[in-house]
Amino acid sequence: MTSTNQAVNKWVDEVAALTTPDSIHWCDGSQGEYDALVKLMVDDGTMVPLDQEKWPGCYYSRSAQNDVARVEHCTFICSETKEAAGPNNNWEAPAVMKDKLNGLFTGCMKGRTMYVIPYCMGPIGSPYSKVGFEITDSPYVTANMRIMTRMGDQALEKLGDSTDFVRGLHSTGELDPDRRFICHFPETREIMSFGSGYGGNALLGKKCHALRIASAQAKDEGWMAEHMLILGLESPEGETRYVAAAFPSACGKTNLAMLIPPETYKGWKAWCVGDDIAWMRYADDGKLYAINPEAGFFGVAPGTSDKTNKNALDSARSNSIFTNVALTPDMQPWWEGLTKDPPAECTDWKGNPWTPETADGPAAHPNSRFTAPAKQCPVASPMMDDPRGVPIDAIIFGGRRAKTAPLVFEAYDWEHGVYVGAMAASETTAAATGAVGLVRRDPMAMKPFCGYDFGDYFAHWLKMGKKSDQAPKIFHVNWFRQDDEGKFIWPGFGENMRVLEWILKRCAGDTDAIDTPIGSVPSPGAINLDGIDIDAITLERLLGVDPEAWQSELEGQEEFLKQFGETMPKEMWDQFHKLQERLSAVSTS
Ligand code: SAT
Ligand code: MN
């Protein structure tokens, strides 16, 4: 089969000539095709059926042990100039990188089937959705892409004979970490990924297309592609308001996106529109609307339980793929945190026997994941497929910070909010290879995902704020503040509803706040603490802005800004100086 789109056919022919697969399979996206793919992997042992009574349609898989997370040091933005990629990205000239990659891709699919996957990021009927293709030699990737995107004939149909599509080429190669490259060519909307079969390295619709390529395209076209969950909160009166929130990978986006309000919030409902990526643009009514380009969740398994995120677990109860978790003897998935006590024995993510007594590491890899259809989420928003998307009242930034950042504060205006987002920092997690727990700046949670220079990116954000007088209000949250003993002092999870309520009230002009040097924090009593055990001292600690800690934070911010040259907007430096002044005013008063 081929398509009726000549540009697509020509490119597929070129790729086939380069990679020389034994056969070519054009994906139609049907259930029958998915079932056949899964059967193929079950037959060759790369996938294992889970207990089909308890986990209908669910399968288990292990990646190579050296291929378990995104690899930022092998990720490149190959724009025409180094300046366009910015100091925030690894860069190589497109011609040089293509030369190298063409070498790696030459003949790499010999003996393999080449899958041609047409996919659509965003609802099929939405004018804001974008079509892409992933050509891959991995049946595992193909099966995952069917969960994560709207894939197959529907995407081809949407494209018609347009030449506006992203070209993504992927091969697992030999899974050699020294021959692993995740490369993006923003100007020509191309992606070439070699040598990995896992997650964002290989499921090209996600980070590669919907964030790195899309962020560059969004700048050109006047919209935004952001690393944000989209959540609707319905009040007992039946009014639903939407927020978008940017946290780095593995910092709780999936948990917040489908939170269950606590007992005290009877009558409130939370609706999940998306858990990882938001594409946003202004509509004629002056409001910023968001769509979720994805159709599935690629959620972190460890820590997910009935207590922490029942909705995620229920989403993954059927028709899902579990990768790098542990496997119990009765063919159930298991990971740290799923149950209070570990199983007496199981097989760990490496395929070795594991018992709690003899363990020399976790049974599930810290970045083990479930791939689950978003529609299966018990609180999937009815707006998930809406072509217009949902209007956003508040944008929330955050990260993991043991110290310094208070539970919540509000930016004084859009420009200040952009600065707050730009200065967001977080402790690193297992979602990317490298040390875990180090504080690093992660502007708008886009450090690994912005397809161009951060100075230009902040300028684009500033411009977006000027487009409307109804731009969302901007907030910063930190669920991860610790006491001196290293214990978390905020319960998090469903209780975060209390902070969200304050945010919604601020948007509606319904509650008070106190100005501090860094922004406005809730007045005493403004956060509803009914039904949780938080005393006044703890609350003070949670909301406290310590001028000394912020002085050293300020130094970090200056250092960060200095890395960028002329592209850093003057407004960012203005904001830095304003913060400096506000801080010195309190320390001298
Ligand atoms: O990039 S992944 O999709 O592998 C996960 C993440 O980092 O959010
Ligand atoms: Mn993510």
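How many positive and negative side chains does the protein have, and how far apart do the centres of the two sets lie? I counted 56 positive and 81 negative side chains. I then placed the centres of the two sets 1 Å apart. I note at the outset that I am working from a predicted model.

**Overall form**

I looked up the secondary structure and found 16 helices and 31 strands in the protein. I next checked the radius of gyration, which is 23 Å, while the globule rule gives 25 Å for 589 residues. The two values are close, so I record the protein as being as compact as a globular protein of that length. Along the principal axes, I find that the C-alpha atoms fill a box of roughly 75 × 55 × 45 Å.

I turned to burial and surface. Of the 589 residues, 60% count as buried. The protein exposes about 22800 Å², and I attribute 50% of this area to carbon and sulfur atoms. I also examined contacts between residues at least 6 apart in sequence, and 73% of them join residues at least 24 apart.

**Arg180**

I located Arg180 in the loop that runs from strand S9 (166-171) to strand S10 (181-185). Is Arg180 buried or exposed? I enter Arg180 as buried, because its relative accessible area is 3%, under the 20% cut-off.

I then asked which backbone oxygens the side chain of Arg180 reaches. One belongs to Asn66, at 2.8 Å. Another belongs to Gly195, at 2.9 Å. Setting aside residues up to four places away in sequence, I list Asn66, Asp67, Val71, Cys74, Leu175, Phe194, Gly195 and Ser196 as touching Arg180. Asn66 and Gly195 thus appear in my notes both in this list and as the owners of the backbone oxygens reached by the side chain.

**Ile117**

I found Ile117 in strand S6, which spans residues 113-121. Its relative accessibility is 0%, so I count Ile117 as buried. Beyond its neighbours within four places in sequence, I noted contacts of Ile117 with Cys27, Gly132, Phe133, Glu134, Thr136, Thr142, Met145 and Met151. I also checked Ile117 against Ser196, which stands 79 residues away along the chain, and the C-alpha atoms of the pair are separated by 18 Å. Ser196 is one of the residues I had listed as touching Arg180.

**Asn144**

I placed Asn144 in helix H5, residues 139-148. Asn144 also counts as buried, because I read 0% for its relative accessibility. With which side chain does the side chain of Asn144 make a polar contact? I identified the partner as the side chain of Thr371, at 2.6 Å. Thr371 recurs among the residues in contact with Asn144, together with Leu203 and Ile321, once neighbours within four places in sequence are left aside.

**Two alanines with positive phi**

I looked for unusual backbone angles, since most residues other than glycine have a negative phi. Ala250 has a positive phi of about 60°. I located Ala250 in the loop between strand S14 (240-246) and helix H9 (253-257). At 27% relative accessibility, I enter Ala250 as partly exposed.

I recorded a positive phi for Ala445 too, near 60°. Ala445 lies in the loop between strand S28 (439-441) and helix H12 (454-466). I checked whether to class Ala445 as buried or exposed, and its relative accessible area of 2% makes it buried.

Definitions and conventions: Residues are numbered from 1 along each chain as its sequence is written. Chains are lettered from A and ligands numbered from 1 in the order in which they are written. This is a predicted model: local features need pLDDT of at least 70, side-chain atom pairs count only at pLDDT 80 or more; totals for chains, interfaces and linings use all residues. Side-chain values use heavy atoms; hydrogens and water are left out. Helices (H or I, at least four residues) and strands (E, at least two) are DSSP runs, numbered from the N terminus. The radius of gyration is taken over C-alpha atoms; the globule rule is 2.2 Å times the number of residues to the power 0.38. Buried means under 20% relative accessible area, exposed over 50%, partly exposed in between (1.4 Å probe, protein chains only). Contact means heavy atoms within 4.5 Å. Accessible areas come from the Shrake-Rupley method with a 1.4 Å probe; for residues, only the protein chains shown count as cover. Lys and Arg count as positive and Asp and Glu as negative; His and the chain ends are not counted. The place of a charge is taken as NZ of Lys, CZ of Arg, CG of Asp or CD of Glu. A polar contact is a pair of N or O atoms within 3.5 Å; within protein, one must be able to donate a hydrogen and the other to accept it, and residues adjacent in sequence count only if both atoms are side-chain atoms.
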